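Here are my notes on the model you sent round. Please read them with the coordinates open.

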Amino acid sequence: MVKPENLGRIIDEHPFFQGIDATLRELLVGCAANERFDAGQFLFRQGQSAKKFFLIRAGTVAVEIDQPGRPPIIIETIAEGDIAGWAWMVEPYQSTFDARAMTLVRALSFDAQCLRRKMEADPALGFEVMRRFVPVMAHRLAAARLQMLDLYGPTKKPKPEKTAKPEKAEAKSKGRNRAADARLEKAESKKKKDG
Amino acid sequence: MAKAKRDDVAVTVLDKDGLGDFIKNLRKSGYQVFGPRRDSDAVIYDLIDGADDLPAGWGSEQKGGHYRLRRRDDGALFGYGLGPQGWKRQLYPPRQKLFAATRKEGGGFTLAPPAPPDPPMAFIGVRACELAAIARQAKVFGDRDFADPGYQRRLAEALIVAVQCGEALDTCFCASMGTGPEVKAGFDVKLTELIDESRHVFVAEAGTPRGAKLLKAAKPASPADIKAAAQVVKNAEIQQKHLDPAAARALAANPEHPRWDQVAARCLTCGNCTMVCPTCFCTTVEDVTDLKGDNAERWRKWDSCFTTDFSYIHGGAVRTEARSRYRQWITHKLSTWVDQFDETGCVGCGRCITWCPVGIDITEEAAAITGQGRN
Amino acid sequence: MNVLPHDPMVPVPFRIEKVRRDLSDTFTMEMVPEAGGDFAFRPGQFNMLYVFGVGEVPISISGDPADRSVLVHTTRAVGTVTEALDALKPGDVLGVRGPFGTAWPVEAAFGHDLVFVAGGVGLAPLRPAIYQAMAHRERFGRVIVLYGARTPEDILYKKELERWRGRFDLDVLVTVDRATGKWGGNVGVVTNLVARGGFDPLNTASFVCGPEVMMRYAAAALEKKGVARDNIWVSVERNMKCGCGLCGHCQWGPHFTCKDGPVFRFDGIADLFQIREL
């Protein structure tokens, strides 16, 4: 077990907790624990009650979605210095993705349920925590949007379907034997018959 | 055009026959002589055989989207204002072959430079604004790291006979742009047409030794002639249009001005303004091959920033909207050109106003967008 | 350049020596001047490549600037001319004009940490700068290559990246937008790698190359990390047709991208990035 004073040092040195006030620091140290995950183990799973969040100290975590019959889809990987898990602060407090250790992962975990209760009781503290978490969420959202853009994707446009130039189309439309029109007429007449 | 040497300056007077002989001499010494000539309903700059080709007695009426020739009540040879196109047509032709490539036996190909140059050109009737335009293009085609050898050679060889304006068109604003109407530099010979009841002559001043040589036989001008010539150009200083070049620098700082949408609603993006503008220099290239595919050529053609393809990068064009393309044109002309070349890209000739089919007026747009309270 | 003809618009014939397929649509060609001689360039510069009778296209040079004996281009076949390039084989001849444009200021970054941020085929124009930096490795603090690709199958110069990663004096971090197969590496945008740091922001020079959107966000991530705008360089793509400022096509605000760029210092162009359809 890591001693509380060591946990305190980790917290102090981490940018995420920079400038943290004494009350919150004490609280976090009080609800922190050192954890280790072997490759393949899960930090949390989709749908589970979000009881913890993690500060990754070493290793890589895949945030992913499981799908039957195919390998899981990795949405993003998070690594040393990143925060894993923010579902604990959003109702209904259920994890929205799986978090799987891709390598040996060492992390600090924080008891979210305890923290949440304190936040509700002390809105100033609650704001302080939100102020640190919202940027993480905003960053993730922005990154996810960029990822969606498929920026490096093929820029080749699908070959345009051959379309008649407007002037040609006009000229053509005078004739009555255009295949498309003929089909239309057929369909029309069929409709009439049916009707 | 050779460098001026002031001690060679000679001011002379030519009558109409004298001007005719002058042109004849140019032709005799091997120049292709270009000058104004009436061609159907316009005065254009074209090859001329002699002074008889000059548009005697023709004037022009020009305003936004409007060009009409009209008879003058004098026989002025240079009273037509400005032709639709300046001298870039001669100095930087609309189509130029860059090279020819021929397949070699056993693979590969050879590249041959374009055909040997045509004989040097002489330009008769270059206005002050046009001289400024030539100087600006010369900077574009050779000011910095790379030069266009063809342009530089054609300009260096060209003999320039400038003519001072005796009156401004309704579309002129060279006075605002500091380019005219007085012809100050960049000419071999400067003409000022003097017409009164008693005579029709040209005060001719040499700007270079080459020009002086051409005027050697001419009769020296009297102080009265010189004074009269100075008065002629004063008349052309009276101009209706104005543009504040310093204020127009702010165009680049206003890329989101609502006026861009308004002007885009009228602009047909036809590119006429870029074709008639004497400083617009953009070109594209065209690759052609023969049917067997053994011979290929690459041609350079005038292009316009008003076409969508102009800004094409893989995937699509950058400037898809008319507003972006008009903005690019006028901003470059009046603002970013200064960043690039330390001078504005507009010489105040007003051709873009005359030849815009919907009469968009660069002076009005610049004023509106840079908040000069005119409309 | 030693083979640049008097007229910058006339190409010089080069013979293709080798062609290597990098990705399904991307290939690297090595070529030498047909008439012999060297080809000198600075990292980040580009050439106009002419395919007989088809046309010309601007392609950045992706070889080692220290090796003047061979000209290397990595090209992605996305248009008429690049597809025609793709059809060329060793022994074939193409026309070359160049080199044109500004360079990655590798030497100006001496004494700093050097962070390369590349996206997609944007790694190709950076590779000469990476070579040059590694040739002067002792002049830098940390040297980091951050690279984002679409999928593991789209990673350019994969073997070389692996080799680089094996070095103790170069950090290589690769991420993909979409993991496929047995990919066990990073997933996410390349800006996430920037956020992870590992360099001294106050003493870092960064060279960024990739799609314009990626460069905008990468520069923002670098700035957020504390890297000053005047220590960030980006490589901009516009419609380069002549390559030498004569044709006007590649104008971007006051710049001719072909001669004032393609490599721009970010503080000079950050505002232009914000103007639509410029």
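The points below go through the sheets, helices, backbone geometry and domains.

1. Ground rules. This is a predicted model, where local features need pLDDT of at least 70, side-chain atom pairs count only at pLDDT 80 or more, and totals for chains, interfaces and linings use all residues; side-chain values use heavy atoms, with hydrogens and water left out. Residues are numbered from 1 along each chain as its sequence is written, while chains are lettered from A and ligands numbered from 1 in the order in which they are written.

2. Sheet in chain C. Seven strands of chain C form an open sheet with mixed pairing, in the order β10-β9-β8-β7-β11-β12-β15. Strands here are DSSP runs of E with at least two residues, helices are runs of H or I with at least four, and both are numbered from the N terminus. Two strands pair if DSSP finds at least two bridges between them. At the edges of this chain C sheet are β10 (186-187) and β15 (263-265), each paired on one side only.

3. Inside that sheet. β7 (residues 113-119) and β8 (residues 143-149) of chain C run parallel and are joined by six bridges. C:Ala118 has C:Tyr147 in β8(C) as its bridge partner.

4. Helix on strands. Helix α7 (residues 266-273) of chain C lies across β12 (232-235) and β15 of the same chain, at about 95 degrees to β15(C). Such angles run from 0 to 180 degrees between N-to-C directions, and the axes are lines fitted to C-alpha atoms, for helices over the stretch in contact. Contact means heavy atoms within 4.5 Å.

5. Helix pair in chain C. The axes of α2 (residues 123-135) and α3 (residues 158-165) of chain C come within 13 Å and cross at roughly 35 degrees. On the α2(C) side, C:Leu123, C:Arg127, C:Ile130 and C:Tyr131 take part; they meet C:Glu160, C:Leu161 and C:Trp164 of α3(C). By class, this contact of α2(C) with α3(C) has five nonpolar, no polar and two charged residues. The classes are: Ala, Val, Leu, Ile, Met, Phe, Trp, Tyr, Cys and Pro nonpolar; Asp, Glu, Lys and Arg charged; the others, Gly among them, polar.

6. Cis peptides. Omega is near 0 degrees for the bond from A:Glu91 to A:Pro92, which is cis. A:Pro92 sits in the loop between β6 (83-84) and β7 (98-101) of chain A. In chain B, a cis bond joins B:Gly180 and B:Pro181, with omega about 0 degrees. B:Pro181 is in the loop between α5 (174-177) and β10 (189-195) of chain B.

7. Positive phi. A:Tyr93 is not a glycine, yet its phi is positive, near 60 degrees. The loop between β6 and β7 of chain A holds A:Tyr93. C:Glu277, also not a glycine, has a positive phi of about 55 degrees. C:Glu277 lies in the segment after α7 of chain C. Is C:Glu277 buried or exposed? C:Glu277 is buried (under 20% relative accessible area, 1.4 Å probe, protein chains only), at 18%.

8. Strand β2 in chain B. Three bridges pair β2 (residues 32-39) with β8 (residues 121-126) of chain B in the parallel sense. B:Phe34 stands opposite B:Phe123 in β8(B). With β3 (residues 42-47) of chain B, β2(B) runs antiparallel over six bridges. B:Asp39 has B:Ala42 as its bridge partner in β3(B). β2(B) and β3(B) form a hairpin with two residues between them, and B:Ser40 in the turn has a positive phi of about 45 degrees.

9. Domains. Chain B is divided into domain 1 (6-235) and domain 2 (245-369), with bounds from an automatic or database domain assignment. Their centres, taken over C-alpha atoms, are 25 Å apart. Domain 1 of chain B gives 45 residues to the contact and domain 2 of chain B gives 42 residues.

Technical notes:
Buried < 20%, exposed > 50% of the residue type's maximum accessible area, 1.4 Å probe, protein only.
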